Amino acid sequence: MHTTAVVIGAGQSGLAMSRCLSERSIDHVVLERNEVANSWRRERWDSLRLLTPNWQCRLPGRAYDGPDPDGFMTMPEVVDFIAEYAKLIAAPVVCDTTVTSVRNIGDEYAVTTDNGQWTCTTVVIASGAFNVTNVPPFADAVPSGMTTLTPMEYRNAEQLPAGRVMVVGASATGVQIAAELQDSGRDVVLSVGEHVRGPRMYRGKDIQWWMEVAGVLDERYDEVDDIVRARRVPSMQLAGSDDRATFDLNALTSKGVSLAGRLAGVHEGRAQFSGSLRNKCELADLKLGRLLNTIDEWATTNGLDDSVPPPHRFEPTIVDSSPPLGLDLNRGEIETIVWATGFRPDYSWLDVDVLDAKGAIRHDGGVVESPGMFLIGTPFLRRRKSSFIDGARADAEDLIGELTTYLDRCAAAKA
Ligand SMILES: Cc1cc2nc3c(=O)[nH]c(=O)nc-3n(C[C@H](O)[C@H](O)[C@H](O)COP(=O)(O)OP(=O)(O)OC[C@H]3O[C@@H](n4cnc5c(N)ncnc54)[C@H](O)[C@@H]3O)c2cc1C
């Protein structure tokens, strides 16, 4: 089969791209290994809700218009939102079709799947940035017999044996799972490395609102000093809940969660934590202060100071004077480990030479180093919000420009 564009993946990124392709009458297919919104259906835990408010769910041609703009969708609601979008835009999704290889054939691409082969002029990789969990190599040294889980395997607290849990990683996923497990009556130790602290509400508004209006979420990839580093920044410690609660480390320790430093290794059954906990927390406090300064400056410049509560600062993160440097995993001190140590994409099917030494695709704002290949949905692809639902729209609208220019060039070369 031949088509002009093959889009790989029917999450919000692939669908946003599909809508932009359809608008320009570019014939294409969206190949999806499972169903539309597969990651939201199958790879998230039961209680998860979006950490972005509903009003921020905007895709090309459709924005959230339900009764609760300031609420946070549950996973079934997100799935409905995305599945309805696919219908609305009549996306040409071919489900149950796993891409097993993409390779160059001349100046085109061959896309092989378990359901046939497509040839095409351009390929859009929208297969997700969070396909597999990043479990550290020393996880192999954890004593056998302990329960270990990744966030993709974790569904709810009932799944775990009774007893103390160590959650490794304190980004959005780690703090949410740690809080849920502590609330379930277990003792939780949270191993904390680099993290991004964020309050849910500031000066009477959601932090996402402030970050949007102050331009933080729209910051462009070619405007930041170190894009490689910016792309690795962990997710902000946020969660969506009816009470709009903050999920920073102070909120967790007040529930009874205890903190340890970054897990540096497991040696002879002993978990070894780095001594950097205080430094990491001070750094996160400092960066939060900088974000709030940016917000306050924006509020003053834009005349909001009289209409919202005055600026204030949050209490610094409270850290024990001597947090543990080790935990004996052989003595039953910990029953379960949850590896909330991040996610990464899976490009094992990509047979085009575009991966760097770390396995990331080499690209310039989504224009991949192989002519006619495009990427969407990865952290800070073109702007800070690129990997969010709300980032798909702006990025797809930019990338369709690049893609059509490429097709025009191909047509001109053939003429
Ligand atoms: C735990 C978690 C919570 C998040 N919470 C939020 C939030 O609150 N708000 C927000 O805006 N963003 C959130 N995100 C970030 C982001 O919005 C989601 O990761 C979202 O799923 C990304 O959409 P996507 O379309 O880029 O990728 P995905 O949704 O992952 O879609 C990729 C699709 O490609 C398919 N696919 C992959 N490989 C192949 C293949 N070889 N062949 C065929 N199909 C393939 C997959 O099945 C999948 O359907 C969260 C992410 C995670 C991990």
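Q: Which residue in S17 is the bridge partner of Val-266?
A: That's Ala-271. Keep in mind that this is a predicted model.

Q: What makes S16 and S17 count as paired strands?
A: Two strands need at least two bridges between them to pair. S16 and S17 (residues 270–273) have 4 bridges, therefore they qualify, and their pairing is antiparallel.

Q: What is the order of the strands in this open sheet?
A: The order is S16-S17-S18, 3 strands with antiparallel pairing.

Q: Why do strand S16 and strand S18 stand at the edges?
A: Strand S16 (263–267) and strand S18 (326–328) each have a single partner strand, so each has one side with no neighbour in the sheet. On average, neighbouring strands here are turned by 15 degrees against each other, ignoring direction.

Q: How do you know whether Thr-52 is buried or exposed?
A: Buried means under 20% relative accessible area. Thr-52 comes in at 9%, so it counts as buried. You'll find Thr-52 in the loop between helix H2 (38–42) and strand S3 (58–59).

Q: What does Thr-52 touch, not counting residues up to four places away in sequence?
A: Gly-71, Phe-72, Gln-208 and Phe-388. Thr-52 is also one of the residues that come nearest to the ligand, out of the 29 around the ligand.

Q: What makes the ligand's approach to Arg-33 a polar contact?
A: The cut-off for a pair of N or O atoms is 3.5 Å. An oxygen atom of the ligand sits 2.9 Å from an N or O atom in the Arg-33 side chain, so the pair falls within that limit. The side chain of Asn-38 has an N or O atom 2.8 Å from a ligand oxygen, while a ligand nitrogen is 2.9 Å from a polar backbone atom of Val-99.

Q: Why is Gly-215 called neither buried nor exposed?
A: Partly exposed covers the range between 20% and 50%. Gly-215 has 30% relative accessibility, so it counts as partly exposed. Gly-215 belongs to the loop between helix H5 (207–213) and helix H6 (227–230). Its C-alpha is 9.6 Å from that of Arg-384, although the two are 169 residues apart along the chain.

Q: How does the reach of helix H8 compare with what is expected?
A: Helix H8 (residues 277–301) has 25 residues and reaches 36 Å from first C-alpha to last, close to the expected 36 Å.

Q: What do the buried residues of H8 pack against?
A: Strand S13 (201–202), H5, helix H7 (249–255) and strand S15 (258–260). Among those buried residues are Leu-277, Cys-281 and Asp-285.

Note on methods:
Residues are numbered from 1 along each chain as its sequence is written. This is a predicted model: local features need pLDDT of at least 70, side-chain atom pairs count only at pLDDT 80 or more; totals for chains, interfaces and linings use all residues. Side-chain values use heavy atoms; hydrogens and water are left out. Helices (H or I, at least four residues) and strands (E, at least two) are DSSP runs, numbered from the N terminus. Buried means under 20% relative accessible area, exposed over 50%, partly exposed in between (1.4 Å probe, protein chains only). Contact means heavy atoms within 4.5 Å. Axes are lines fitted to C-alpha atoms, for helices over the stretch in contact, and angles run from 0 to 180 degrees between N-to-C directions. The expected span of a helix is 1.5 Å times one less than its number of residues. A residue is near a molecule or strand if one of its heavy atoms lies within 4 Å of it. A polar contact is a pair of N or O atoms within 3.5 Å; within protein, one must be able to donate a hydrogen and the other to accept it, and residues adjacent in sequence count only if both atoms are side-chain atoms.
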